[in-house]
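What can be read from the atoms of this model? This report goes through its cavities, salt bridges, backbone and surface.

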Amino acid sequence: LSSRSGLTHESHKKDVEQVYLRCSEGSIEWMYPTGALIVNLRPNTSPASYKHLTVCIKPFKDSAGANIYLEKTGELKLLVRDGDRSPRKVYCFGYDQGGLFVEATPQQDISRKITGFQYELMSKGIASDLHTVSAPCRPCSDTEVLLAVCTSDFVIRGSIQDVTNEAEEQESIIHVGVNKLYRQKSKVFQLTGESGNWRGQIKTLLECGVKPGDGDFLFTGRMHFGEARLGCAPRFKDFQRMYKEAKDKGLNPCEIGPD
């Protein structure tokens, strides 16, 4: 977390301050914004790998007081307009497309404004998985499912207990009952209640039209801004079939107990 306050620059409203961030994920909070911030993302990786990175930012829900631009060699491209409340609110760009320039907008009372956003750096392959422009709701092929089992942040066998739709966010929340936990990067799925059942939530696009249904699924996906995002999710019996077929041919990319 990097935090700044514009009140220290009250007499210099055109000040531009440099901020250097070395973590692959985190957040910026700019209280009482005046002037501008140049946000330099400098991950602890080889500069040669920078061209393979994607940067995603997610403004805080009540972020206000500044515009966020993509800046490269002095040219500015508006990324997030002050007060923008568009659904999903995640903005991604290639690391080599430029840096972030955050400029305060004129305010009568800056003490009521806080600009902030979360950021993540990831490989372009992972980013394209999360933000597939074409057919984001299409079923995964057998090959894609088997690869997802090896590379996803979470892999679970479970059932859909309920689905909550959030029209404003254009998202659906899948409430999952977990029967077997193969892997999870973060503690999204946890033991709840006296019954000792594992449960958790996975988000996906509202347009995919997920409905509660019977039977078990293999849920895979990635963590994105602290939330589990759905990737491939075949019916479990279909996963068992494709896994056995691949294993018999020696083509499965990694081992996992399908039972």
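A cavity here is a set of grid points where a 1.4 Å probe fits but cannot get out. The model is predicted. A search of the whole structure turns up two cavities of 30 Å³ or more.

**Inside: the largest cavity**

The largest cavity holds about 130 Å³ of space. Its lining is made of 17 residues. Nearest the centre lie Pro 59, Ser 63, Val 80, Arg 81 and Gly 83. What classes of residue line the largest cavity? The lining has seven nonpolar, four polar and six charged residues. Rolling a probe the size of a water molecule over the atoms shows where empty space is left.

**Salt bridges**

Side chains of opposite charge can pair when their charged atoms come close. The cut-off used is a side-chain nitrogen of Lys or Arg within 4 Å of a carboxyl oxygen of Asp or Glu. The count comes to twelve salt bridges. Three of these pairs are set out below.

| Pair | N to O distance |
|---|---|
| Lys 58 and Glu 227 | 3.8 Å |
| Arg 157 and Asp 216 | 2.9 Å |
| Glu 227 and Arg 229 | 3.7 Å |

Take the pair of Lys 58 and Glu 227. Lys 58 sits in strand β5 (residues 53-59), while Glu 227 belongs to strand β16 (residues 227-230), so the salt bridge ties together parts that are 169 residues apart in sequence.

Arg 157 and Asp 216 also form a salt bridge. This pair links distant parts of the chain, 59 residues apart. Arg 157 is in strand β11 (residues 154-166). Asp 216 is in the loop between β14 (197-205) and β15 (217-224). Are these two residues buried, exposed or partly exposed? Arg 157 counts as partly exposed because its relative accessibility is 24%. Asp 216 is partly exposed too, with a relative accessible area of 21%. The partly exposed class runs between 20% and 50%.

Glu 227 has a salt bridge with Arg 229 as well. Arg 229 has 14% relative accessibility, so this residue counts as buried. Salt bridges that share partners join Lys 58, Glu 171, Lys 203, Glu 227 and Arg 229 into one network.

**Backbone: positive phi**

Most residues other than glycine have a negative phi, and most peptide bonds are trans. Which way do the next two residues go? Thr 73 is not a glycine, yet its phi is positive, about 45°. Thr 73 lies in the loop between β6 (66-72) and β7 (75-80). With 73% relative accessibility, Thr 73 counts as exposed.

Phe 225 has a positive phi near 50° and is likewise a residue other than glycine. Phe 225 is placed in the loop between β15 and β16. Is Phe 225 buried or exposed? Phe 225 is buried, because its relative accessible area is 8%.

**Strand β15 and a surface patch**

Phe 217 is found in strand β15. Phe 217 is buried, at 13% relative accessible area. Its C-alpha is 9.8 Å from that of Val 176, and the two residues are 41 residues apart in sequence.

At the surface, Leu 181, Leu 191 and Trp 198 make a nonpolar patch of about 260 Å². Leu 181 lies in strand β12 (residues 171-184). Its relative accessibility is 31%, so Leu 181 counts as partly exposed. Patch residues need over 30% relative accessible area.

Methods: Residues are numbered from 1 along each chain as its sequence is written. This is a predicted model: local features need pLDDT of at least 70, side-chain atom pairs count only at pLDDT 80 or more; totals for chains, interfaces and linings use all residues. Side-chain values use heavy atoms; hydrogens and water are left out. Patches are made of residues with over 30% relative accessible area and no salt bridge: like charges are joined within 9 Å, nonpolar side chains (Val, Leu, Ile, Met, Phe, Trp, Tyr) within 5 Å. Accessible areas come from the Shrake-Rupley method with a 1.4 Å probe; for residues, only the protein chains shown count as cover. Helices (H or I, at least four residues) and strands (E, at least two) are DSSP runs, numbered from the N terminus. Buried means under 20% relative accessible area, exposed over 50%, partly exposed in between (1.4 Å probe, protein chains only). On a 1 Å grid over the protein atoms alone, a cavity is a set of points where a 1.4 Å probe fits but cannot get out, and a pocket is an open set with protein on both sides within 12 Å along at least five of seven lines; lining residues have an atom within 4 Å of a point. Grid points are joined across faces, edges and corners, and a volume is the space filled by probe spheres set on the points. Ala, Val, Leu, Ile, Met, Phe, Trp, Tyr, Cys and Pro count as nonpolar, Asp, Glu, Lys and Arg as charged, and the others, Gly among them, as polar.
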